[in-house]
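Please open the model in your viewer and keep the sequence beside it, since each stop on this tour begins with a selection.

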Amino acid sequence: MKMVTLSSYPTMPDAMIVQGMLEAHGIKTVLSDQNNPYVPVFGGVYIMVSDDDYQRARQLLDEHQDA
């Protein structure tokens with residue numbers, strides 16, 4: 001199973017909210033925290049999904065733009 005980046009967020013709590021929504025809809029996710037602890041402006045937290053789930057996950061994000 002190939003994992004692809006769906007979206008990125010500035011902080012872990014922001015990403016976890018979206019992760020929870022996706023997983024509530026049956027989409028498995030992986031978070032990749034690329035934040036630099038010394039300069040948090042650089043990096044971000046990436047949400048990754050399987051390439052098979054990408055289109056459905058993208059649609060859910062579009063429907064929940066407040067997330």
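How many residues apart are D62 and R58 in helix α2, and by about how much of a helical turn are they separated? The model is a predicted one, and this pair is a convenient place to begin in it. Select D62 and R58 and display their side chains: the two residues are four apart in helix α2, which means that about one helical turn separates them. As background, an α-helix has 3.6 residues a turn, so residues three or four places apart point the same way. The side chains of D62 and R58 meet in a salt bridge, with 3.8 Å from N to O, and a search of the whole structure finds one salt bridge. Both partners are partly exposed, D62 with a relative accessibility of 44% and R58 with a relative accessible area of 26%.

Next, select the whole of α2, residues 54-63, and colour A57, L60 and L61, which are buried. These three cover an arc of only 100 degrees around the axis, and therefore lie on the same side of α2. Turn to the face directed away from that buried side, where you will find the exposed residues Q55 and E63. Then bring back the surroundings: among the elements that cover the buried residues of α2 are β1, α1 (12-24) and β3 (45-50).

From here, move into the largest nonpolar core, which has 14 residues and in which L6, L22 and I47 have the most contacts. At least two residues of this core are supplied by each of β1, α1, β3 and α2, while the largest share, four residues, comes from α1. In soluble globular proteins, nonpolar side chains tend to be buried together. Centre the view on L22 and show its neighbours: leaving aside residues up to four places away in sequence, L22 touches L6, I27, T29, I47, A57 and L60.

For the last stop, select S7, which is found in strand β1, residues 3-9. Is S7 buried or exposed? With a relative accessible area of 13%, S7 is buried, because the cut-off for that class is under 20%. Show the side chain of Y9 as well, with which the side chain of S7 makes a polar contact at 3.3 Å. Finally, add V45, Y46, I47 and L61, the residues that S7 touches when those up to four places away in sequence are not counted.

Definitions and conventions:
Residues numbered from 1 in each chain as written. Predicted model: local features only at pLDDT ≥ 70, side-chain atom pairs only at ≥ 80, totals over all residues. Heavy atoms only, no water. Buried < 20%, exposed > 50% of the residue type's maximum accessible area, 1.4 Å probe, protein only. Polar contact = N/O pair within 3.5 Å; in protein donor to acceptor, adjacent residues only side chain to side chain. Contact = heavy atoms within 4.5 Å. Arc of directions from axis to C-beta. Core = buried A, V, L, I, M, F, W, Y, C linked by side-chain atoms within 4.5 Å. Salt bridge = Lys/Arg side-chain N within 4 Å of Asp/Glu carboxyl O.
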